[in-house]
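Here's a quick briefing to keep beside you while you turn the structure around on screen. Grab a coffee and have a look.

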Amino acid sequence: MIFLIASHAFTSSIRDNANEIAERVARQTFNSMYLVMSQGWSRQQLEQFLGQMEQDNAQSDLKVTLYRAPVVDQLFGRIEQPVMDDSLKEAIRTGEARSQEVGDSSRYLYPLTAKETCLACHTNAILGQSLGLIEVQQELSATVAQAKTNLIYNLLLIAPLPLLLGFLAVRSLTRRVDESINQLTTSVATVESIADLEKLERERSKLAFHELARIYDEVGTLATKLRHVAVDKELLEFEIRLLEKFVITSEVVRDWREYVSDLLLEINKVIDAHTMFSIFKVDDELFDLEIFWLRPASQETQDNMEKAVIRRLKESDSQLYSAGLNVRHNIASREGDLIELDQDSIELQCKSLLVDTPKIGGIVGIGVQAEIIRDQTKLLVLESVLSTLLNVVGSVRAIYKYTNDLEYYATRDPLTNLYNQRMFWELLEYELDRCARHDYKVAVLMIDLDNFKSINDGYGHSWGDKLLEMFAECLQKTFEQGAVVARYGGDEFVVMLSEASLESAEEAGRMLLDRIRCFSVEHSSGAELKITASIGIGIYPDHAQSKKDLFMFVDNLMYRAKQDGKDRLCVPDEHDLVNIFKDMSEKTLLVKHAIEHRKLIPVFQPIQRTDNGNVTAVEVLSRIELPDDSLMKAAEFIEIAESMDKIHALDYIVMEKAFAAAREINYRGLLFINMSPRAVVVSDFIQQVKRLTRQYEINTGNIVFEITERDTVKSISMLEQFVANLKDEGFKLAIDDFGSGFSSFHYLKHLPIDYVKIEGEFIANMASDKRDMAFVNSIAKLSRELNLETIAEFVESEEVLELVEAANITYAQGYHIGRPTPDLASIVVQTYEPAEV
């Protein structure tokens with residue numbers, strides 16, 4: 001580029017110079033001619049002048065040619081001269097000088113115009129007319145070539161300098177661009193967290209180039225936007241680590257304080273938090289404040305934190321703070337400097353979350369005392385973490401509390417605070433194993449309160465419970481500290497005496513009888529509630545070789561004491577041992593064999609409608625066939641089956657055989673079936689019954705399950721759900737022995753009852769006791785108002801049947817109507833009412 005421009009400049013300069021030279025030569029030539037002509041020159045002189053010019057032209061690149069105009073030829077005659085071309089003619093005609101460039105040649109045309117002095121000789125010419133023309137031609141090719149050669153040579157000499165300057169300029173620009181890009185790259189590369197974006201914003205517009213500065217500004221703007229929408233990777237990892245720790249295991253529950261301390265250590269990997277606190281509501285006027293410190297804190301700091309939390313409680317709208325506050329300080333790590341915080345810094349930095357009312361585990365609130373957080377994202381994450389911790393820590397604390405309660409109540413009876421039945425069996429098994437190894441004896445006393453049902457019926461369950469509580473205290477005071485005293489169930493209690501002989505056990509039993517006779521509870525009416533008890537005693541290993549055999553032995557003795565008149569102690573002698581063991585072993589083997597070989601027999605007792613005398617229902621009862629072809633009643637083997645944990649198997653066998661008998665004769669009446677308390681807790685009871693109804697094509701609406709409140713009052717919530725499931729499948733429900741306890745009315749209110757079977761004792765005494773008559777009439781009237789059908793049990797005579805009909809009771813059942821029989825076909829069923837499905 002430089003060469004072309006310089007070459008063009010040089011060429012133009014040469015041509016311009018050539019034109020100037022041509023003009024001077026033409027003027028000098030004219031001046032010379034003028035001097036000669038002014039002296040008057042001859043034709044010979046003219047020809048010599050022209051010849052000399054031609055000679056000079058031959059030896060030079062500069063060629064001068066003289067041309068005469070026609071006006072001169074007219075006056076002086078023609079001379080030899082080159083033929084004029086159009087350019088020459090045009091120049092003579094116009095009288096204007098001009099230059100022409102042809103290739104590397106330059107041509108300058110200089111007209112000779114007539115002046116005043118010229119007209120003296122050139123009489124035929126006029127002023128200003130061209131008399132001739134001087135042509136100056138120059139050959140410039142050699143000069144231009146030489147100039148280009150010199151130019152190239154000079155350019156080669158100075159070429160390194162512009163190259164060096166260009167290199168230095170490019171190097172300088174590249175360095176500055178690289179520095180700017182590196183600065184931008186480094187700033188972006190240092191962004192590892194959301195907090196680093198703020199530093200990127202502060203470094204904006206520090207670059208040398210405007211264009212790169214604009215790019216940096218846009219990156220800073222992007223960083224600002226990202227800082228408001230992005231979530232820090234550390235925060236996500238922090239939350240993930242916390243979520244992994246939110247798995248509640250038995251170890252977490254057991255060591256829940258260490259668990260919370262670990263959570264505090266995790267929080268400090270992302271946020272500087274000195275402490276975390278949790279508040280639990282123990283009762284209406286007592287709180288537990290658990291403060292977890294990252295490191296040991298000074299006493300003043302601990303006091304300041306307590307004041308800050310208490311102030312926060314007082315300021316809450318829910319009025320959570322009360323007079324009582326138990327404070328406990330926990331330390332997550334013993335390493336590090338002592339934490340020193342003043343009151344103001346705690347107030348400014350305390351982040352807490354308080355709930356309106358205690359929820360899970362009685363937790364009131366949870367919070368952390370951390371450094372001031374400007375990052376809204378971290379603040380949001382912290383609040384979400386606190387919300388999660390509120391539930392997790394509350395759940396852990398709740399499970400911890402409930403686990404302790406369960407451990408206690410799993411071994412204790414909640415009413416009397418004595419050991420419960422399950423714990424009694426465990427302690428008895430442990431003690432029997434221990435005494436077998438150390439060769440000593442263990443005594444067991446079974447205590448059953450006499451006529452306790454009359455206390456419940458006459459004064460209500462609340463007073464019955466109060467009597468049981470006070471009787472439990474009496475038991476504990478009677479026996480030594482080493483004795484195991486347990487409530488076996490209802491009004492039955494057991495006592496286990498280690499290293500006790502029959503004589504010492506008998507002595508303890510008689511002492512207990514004496515205390516019971518003096519025991520009483522004063523009723524609110526002023527009456528004294530007194531009770532007696534029947535007690536049976538057994539010794540291991542003298543009377544039994546296993547815990548169940550020992551218990552059944554003692555249980556038999558206790559019932560013998562009742563049969564002998566109650567309020568007494570039954571101590572076994574050799575004759576009793578033989579009879580009891582024989583009776584126990586025979587019955588146990590008989591019941592076991594009957595269940596295993598399905599020797600149970602269903603018997604059916606007719607239930608008659610009182611309005612038309614038709615038998616439209618039967619109650620299914622169970623019997624065991626004895627070797628002498630007699631039948632063992634249910635009262636004799638139900639307890640044995642329950643002790644063997646076979647009662648549900650017994651129920652299934654009896655139902656299946658009863659359903660088979662009903663299908664065989666196409667029986668379409670109602671089947672009343674006694675449901676054992678065990679059915680309520682057996683998970684597949686309803687499924688098994690449904691299977692049997694489908695198998696034997698029995699309408700579920702024809703089956704009525706009977707429940708007795710005395711057996712299920714302890715599981716009322718479970719019973720409600722169980723009964724609801726029964727009703728959903730189309731089964732019906734009846735209350736058996738209605739009136740035997742206060743819970744009967746509770747059942748009427750809360751359970752979807754279809755039938756009420758009135759307690760037989762009231763029915764049997766209707767004719768002789770006006771109070772029983774009034775009670776039966778009241779039950780019948782109440783049932784009618786509730787749209788329930790009633791059944792009178794123990795109808796043993798025509799007189800009682802007439803009284804039942806007069807009371808508008810729907811059904812009658814008893815020996816006067818018909819005795820239980822295994823032959824369902826023998827029961828004449830005249831009319832069937834369609835069963836509701």
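Right after helix 24, Glu697 takes a positive phi of about 55 degrees. Keep in mind that this is a predicted model. The notes below begin with that helix, move on to helix 4, and then turn to a nonpolar patch and the salt bridges.

**Helix 24**
- Helix 24 covers residues 685-695, and its buried residues are Phe685, Ile686, Val689, Leu692 and Thr693.
- Looking down the axis of helix 24, you'd see these buried residues fall within an arc of 125 degrees, so they line one face of the helix.
- As background, an α-helix has 3.6 residues a turn, so residues three or four places apart point the same way.

**Helix 4**
- Which residues of helix 4 are buried? In this helix (residues 86-94), they are Ser87, Leu88, Ala91 and Ile92.
- Down the axis of helix 4, the buried residues sit within an arc of 135 degrees, so here too they line one face of the helix.
- Flip to the other side of helix 4 and you'll find Asp86 and Arg93, which are exposed.
- The cover over the buried residues of helix 4 includes strand 1 (62-68), strand 2 (98-102), strand 3 (105-113) and strand 4 (130-139).
- At the N-terminal end, Asp85 acts as a cap for helix 4, with a side-chain oxygen 3.2 Å from the backbone nitrogen of Ser87.
- Following helix 4 comes Gly95, with a positive phi near 75 degrees.

**Helix 6: a greasy patch and a salt bridge**
- Leu161, Leu164, Leu165, Phe167 and Leu168 make a nonpolar surface patch of about 510 Å².
- One of these, Leu168, is found in helix 6, and its relative accessibility of 46% counts as partly exposed.
- Helix 6 (residues 160-189) also holds Glu179 and Arg175, which are four residues apart and so separated by about one helical turn.
- The side chains of Glu179 and Arg175 meet in a salt bridge, at 3.1 Å from N to O.
- Are these two partners buried or exposed? Something in between: Glu179 is partly exposed, with a relative accessible area of 44%, and Arg175 is partly exposed at 44% relative accessibility.

**Other salt bridges**
- How many salt bridges does the structure hold? The count is 24.
- In helix 18 (residues 502-518), Glu506 and Arg510 are four residues apart, about one turn of the helix.
- Glu506 and Arg510 bring their side chains together in a salt bridge of 3.0 Å, N to O.
- Glu506 is partly exposed, with a relative accessible area of 23%, and Arg510 is partly exposed at 41%.
- Glu429 forms a salt bridge with Lys547, and their closest N and O atoms are 3.3 Å apart.
- That pair links distant parts of the chain, 118 residues apart: Glu429 is in helix 15 (residues 421-438), and Lys547 is in helix 19 (residues 547-563).
- Glu429 counts as partly exposed at 44% relative accessibility, while Lys547 is partly exposed with a relative accessible area of 23%.
- There's also a network of salt bridges, which links Glu619, Glu706, Lys757 and Glu793.

Definitions and conventions:
Residues are numbered from 1 along each chain as its sequence is written. This is a predicted model: local features need pLDDT of at least 70, side-chain atom pairs count only at pLDDT 80 or more; totals for chains, interfaces and linings use all residues. Side-chain values use heavy atoms; hydrogens and water are left out. A salt bridge is a side-chain nitrogen of Lys or Arg within 4 Å of a carboxyl oxygen of Asp or Glu. Helices (H or I, at least four residues) and strands (E, at least two) are DSSP runs, numbered from the N terminus. Buried means under 20% relative accessible area, exposed over 50%, partly exposed in between (1.4 Å probe, protein chains only). Patches are made of residues with over 30% relative accessible area and no salt bridge: like charges are joined within 9 Å, nonpolar side chains (Val, Leu, Ile, Met, Phe, Trp, Tyr) within 5 Å. Accessible areas come from the Shrake-Rupley method with a 1.4 Å probe; for residues, only the protein chains shown count as cover. The arc is that of the directions from the helix axis to the C-beta atoms. Contact means heavy atoms within 4.5 Å. A polar contact is a pair of N or O atoms within 3.5 Å; within protein, one must be able to donate a hydrogen and the other to accept it, and residues adjacent in sequence count only if both atoms are side-chain atoms.
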